[in-house]
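Hi,

Here is the structure I promised to pass on. Have a look at it first, and my notes follow underneath.

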Amino acid sequence: MDKLTQQRTGVLQGTLDMLILRTLLYGPAHGHQIGKHIQRTTNDFLQMQHGSLYPALHRLEKRGWVSTKWDMAPDRNREFKYYRLTDRGKKQLVVEESQWKQMAEAVARVMWPAAEES
Amino acid sequence: MKWWQNRKRNADLERELRSDLELEEEEQRENGVSPEEARYAALRAFGNATLIKEQTREAWGWTRMERLLQDFRYALRQLGRSPGFAAGAILTLALGIGASTSIFSVADAVLIRPLPYLHPEQLVRVWEQMPNGHRPNMAESNFEDFLTQNDTFANLAAYNYGVASVSGGTEPTRVHISAVSPGFFTTLGVQPLRGRPFAADEERPHGTPAIIVSYGYWQRYLGSREDLSKFHLDLEGGSYPVVGVMPPGFDFPSGAAAWIPRELDPPTPSRTGHNWSVVGRVRDGVTVAQARANLSAIALRIRHQYGTQVDLSNAVVVPLADAIIGDVRTALLTLLGAVGLLLLVACANAAGLLMARIGVRRNELAIRAALGAGRGRLVQQFLAESFVLTFAAGILGILIAAGGLRLLPAILPMSLPRREEIIINPTVLLFALSVIVAITVALGLFAASRAGRRDLRGALSSGPRSHPGSSASQHLRSLLVVAEIASTMVILVGAGLLGRSFMRLIATSPGFQEESLITIEFSPPIPQGQAGLDQTAIARQAHLLDDVVARLRTIPGVSSVGLAGAVPVAAGDNLPEGDFLILNGRRPPASMDEFGQMRRNNSETGHALYAVAGEDYFRTLGIPLIRGRMFSHHDALGAVNVALISQALARQRWPDQDPIGQTIDFGNMDFNLEPLTIVGIVGDVRARGLDGPPSSVIYVDYRQRGMNLNSTPTILMRATAPEGEIVSAARGIFRDIAPDIPVKFSTFAAEMGGWLAQRRFLLLLVGLFAAAALILAAVGLYGVIAFFVTRRTQEIGIRMAIGAQRRDVLRLVLGEGARLAVLGVVIGIAASFAITRLLSSLLFGIGATDPLTFAGVAVLLSLIALAASYIPARRAMRVDPVTALRYE
């Protein structure tokens with residue numbers, strides 16, 4: 001893994017919770033799926049670090065934003081640990097999303113003031 | 001989930017990761033990668049599974065507990081693997097913790113814990129203040145004025161303190177008795193455990209006699225009987241029913257075995273007879289300062305009213321705790337300081353050991369870091385290890401302290417206030433615990449900061465055999481050793497100063513031959529109490545004493561027997577002192593009042609100690625007659641009363657005249673106004689103690705003046721046979737002549753031992769701490785120099801290969817040791833200069849910066865340092881260049 005990607009993921013780690021919650025909005029998924037989904041959706045821009053993913057999943061579980069259940073995968077004849085968004089998780093997603101939006105706008109205003117004016 | 005569901009959750013995580021990993025692997029295979037490749041690719045994609053698990057567990061939050069347990073297990077394993085290091089560090093720290101805990105328990109009992117009285121902060125001692133700065137006890141009439149005119153005290157109580165013969169219990173004994181004014185016990189806020197306090201008709205002049213005894217006396221002499229009504233104690237000729245027993249631990253004034261109402265003695269209205277100690281309780285809401293101002297105003301009024309008829313010009317009010325602790329504070333603070341330094345040395349030593357360990361464990365740490373142990377994790381690991389170390393050391397230390405406290409009574413001076421209260425209580429344990437926690441955190445963080453700084457890659461690549469430790473850590477260890485040497489220097493200087501003072505003190509001659517002297521306190525009752533003895537009483541007393549002395553003289557092995565009113569030096573404080581009149585041809589005073597008036601003329605008075613003695617006293621002690629003549633049998637009861645004076649008094653009071661033939665009056669000592677004619681001058685004696693100047697003493701003849709309560713009749717025997725034989729023979733004689741009179745045998749050496757006990761105690765402990773610190777510092781220095789040699793083995797090999805002699809190697813290594821030692825000694829000397837000033841009041845005959853002590857200690861410390869460096873230096877000299885160069 002090259003250094004650049006590592007750094008990018010590092011910066012975005014704080015928002016990992018939000019990405020996971022957003023991913024789960026489509027329905028329950030297990031860790032591998034979540035990671036893969038985020039990676040694919042960002043065109044591999046965000047290489048999913050397992051060292052960040054699993055702690056994040058367990059953190060969300062502890063806070064009650066996701067619930068877990070071991071379930072049979074439809075396409076594989078095996079059980080996986082599925083994460084499902086809870087109602088509180090949905091609310092949290094809204095909160096984080098709006099915070100992120102504010103943050104992004106604020107950063108944008110600083111970074112590209114001219115674009116903002118025009 | 002809770003932390004006890006730990007296992008289940010771990011299994012769950014394990015399963016989750018495995019299933020996801022397998023899935024990854026499957027997907028890789030489905031993409032057409034070979035099974036083996038797929039496996040590695042999956043593992044690569046996943047990264048460090050252990051680290052993921054650890055970090056995930058971290059997200060659960062509760063793992064701190066589990067991790068801690070794991071750390072402790074690991075720490076125990078680590079220490080078990082290097083028992084030498086563990087034992088060294090634990091013993092070092094245990095020594096420091098144990099010593100400081102035991103000294104703290106003494107300080108806690110004596111200095112910190114409040115006095116065992118109700119609201120002790122309200123209690124104060126009160127003295128008169130004389131214009132010359134002296135603080136005498138209170139005169140009776142002045143006390144009455146303070147008592148009735150103040151508006152800041154709940155009560156003021158007067159008490160005195162004296163020795164009396166008490167019989168009526170299981171055996172007659174000589175004990176300390178205190179006569180107390182009304183409200184004495186309520187002032188202190190302590191009620192009798194059994195019986196009752198004094199009743200009103202016992203606390204008035206010519207009232208009903210009554211006595212209250214201490215718990216100890218009740219246990220020992222009254223058999224702890226519940227029913228007190230049967231007990232009547234005979235006290236100096238009177239019979240006193242026992243009405244109460246004070247609770248255990250009530251010890252005021254210190255050592256008192258019984259209390260009687262002071263009204264039983266006839267009142268001695270006087271404004272200059274300083275007979276009463278005073279304790280008071282200020283009212284609620286009144287500060288000590290307000291009380292002091294109040295009594296000062298009354299003192300000024302008294303002074304204004306009576307002018308020079310009173311001695312006082314002010315009143316002194318001191319919190320009772322301060323008054324009791326008095327000069328012990330300096331000694332205890334000295335001990336605390338010494339033991340604190342020892343603790344520092346011990347910690348520095350343990351830190352040095354720890355650093356050496358880190359050097360050895362460099363690889364292990366590097367591997368752990370490479371495997372993903374975060375820095376915080378390493379810090380925690382070190383904290384756990386230092387906790388295991390200090391905890392073990394702490395338990396051992398507390399055991400040492402407990403053992404030390406059992407030994408302490410043997411060396412604690414009897415004069416130490418509150419010595420029975422010294423125990424290991426929660427406060428002391430809390431102290432020990434805080435010390436342990438402080439050391440744990442300090443050592444743990446210290447170790448972690450050292451370990452955390454290491455360059456992992458360097459450590460891993462250089463392998464285990466390269467020099468164990470960077471030059472930075474060598475530097476730090478050197479600093480630690482310098483600090484150790486400097487602290488040791490300070491303790492050693494303190495011990496040296498105390499030791500030299502002590503040697504000077506015991507080398508000081510008391511003014512007579514002190515060897516093989518047996519002392520016997522023999523206390524015939526003195527019927528008239530504080531008032532003077534009449535002629536018949538003097539004759540009867542002299543007859544009894546003569547009889548005893550004559551019989552004692554017949555014991556084989558007794559070369560001479562003398563008699564005096566107190567053991568000089570050892571019990572010199574028992575000698576009364578006061579102003580006497582120089583009559584110069586004037587008529588002697590007819591009454592005590594007239595005596596008081598004549599005393600106001602300073603040009604015709606002097607000040608001296610008052611000692612009752614017989615002529616044999618001087619012969620027995622070997623006090624020489626300088627001029628004039630001794631007491632003789634011509635000096636009978638009716639003849640001219642004679643006196644001997646010490647050279648010091650002659651020098652001081654009659655510098656240009658011949659004192660022999662002068663007539664003086666010392667009637668304030670024995671209420672006998674018959675004048676005294678000075679007939680001789682005798683050699684000087686340091687009667688009040690070895691640390692004082694030769695005393696001004698006036699000796700009077702017991703056959704002419706008798707011994708009243710001011711004196712403790714003491715027989716001194718010069719023995720040429722073993723003491724035991726003489727004492728048992730003497731016991732027989734006393735049983736024969738006076739079976740009811742208490743007798744206390746001792747030797748002058750033993751009495752002196754008691755007098756020296758406080759100094760010896762201090763010296764012994766500070767000396768012990770100094771020795772311990774010295775050993776620790778030597779070990780610390782040895783460690784650093786040995787480390788230095790190991791690190792430089794290669795360099796030494798090269799030097800030798802290119803022609804360096806063993807001498808040069810020795811110089812190199814010893815030079816390193818000497819450098820550290822000199823630095824430590826210099827810093828130590830500077831610190832000592834600042835610190836030993838505080839010891840000044842404990843020293844005798846030398847200054848706080850005594851150059852000989854400083855130089856001696858510096859030399860001693862340097863020699864020890866050289867010796868500690870010499871052992872590794874010898875190893876360095878034996879380095880074989882070939883081996884050393886291959887060493888890498």
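**Two helices in chain A**

H3(A) and H4(A) lie oblique to each other, because their axes cross at roughly 120° and an angle counts as oblique when it is neither under 35 degrees, nor over 145, nor from 65 to 115. Bear in mind that this is a predicted model. To find the pair, look for residues 31–41 of chain A, which form helix H3, and residues 50–63, which form helix H4. Their axes come within 11 Å, and the crossing of H3(A) and H4(A) is right-handed.

Which residues make the contact? On the H3(A) side they are Gly31(A), Ile34(A) and Gly35(A), and H4(A) brings Leu53(A), Tyr54(A) and Leu57(A). Sorted by character, this contact of H3(A) with H4(A) has four nonpolar residues, two polar ones and no charged ones.

**Chain B, and where it touches chain A**

Chain B has 888 residues, and 43% of them are buried. You'll see 28 helices and 23 strands in chain B. If you take the contacts in chain B between residues at least 6 apart in sequence, 85% of them join residues at least 24 apart.

As for the contact between the two chains, chain B puts in 17 residues and chain A 14. On the chain B side, helix H1 (6–30) and helix H3 (49–60) each supply at least two residues. H3(B) gives the most, with seven residues. That side of chain B is a mix: seven nonpolar, six polar and four charged residues.

Cheers

Definitions and conventions
Residues numbered from 1 in each chain as written. Chains lettered and ligands numbered in written order. Predicted model: local features only at pLDDT ≥ 70, side-chain atom pairs only at ≥ 80, totals over all residues. Axes fitted to C-alpha atoms, helices over the stretch in contact; angles between N-to-C directions. Helix = DSSP H or I, 4+ residues; strand = E, 2+ residues; numbered from the N terminus. Left-handed = near helix turned anticlockwise from the far one by under 90°. Contact = placed C-beta atoms within 7 Å. Nonpolar A, V, L, I, M, F, W, Y, C, P; charged D, E, K, R; others polar. Buried ≥ 20, exposed ≤ 12 C-beta atoms within 10 Å, placed from the backbone.
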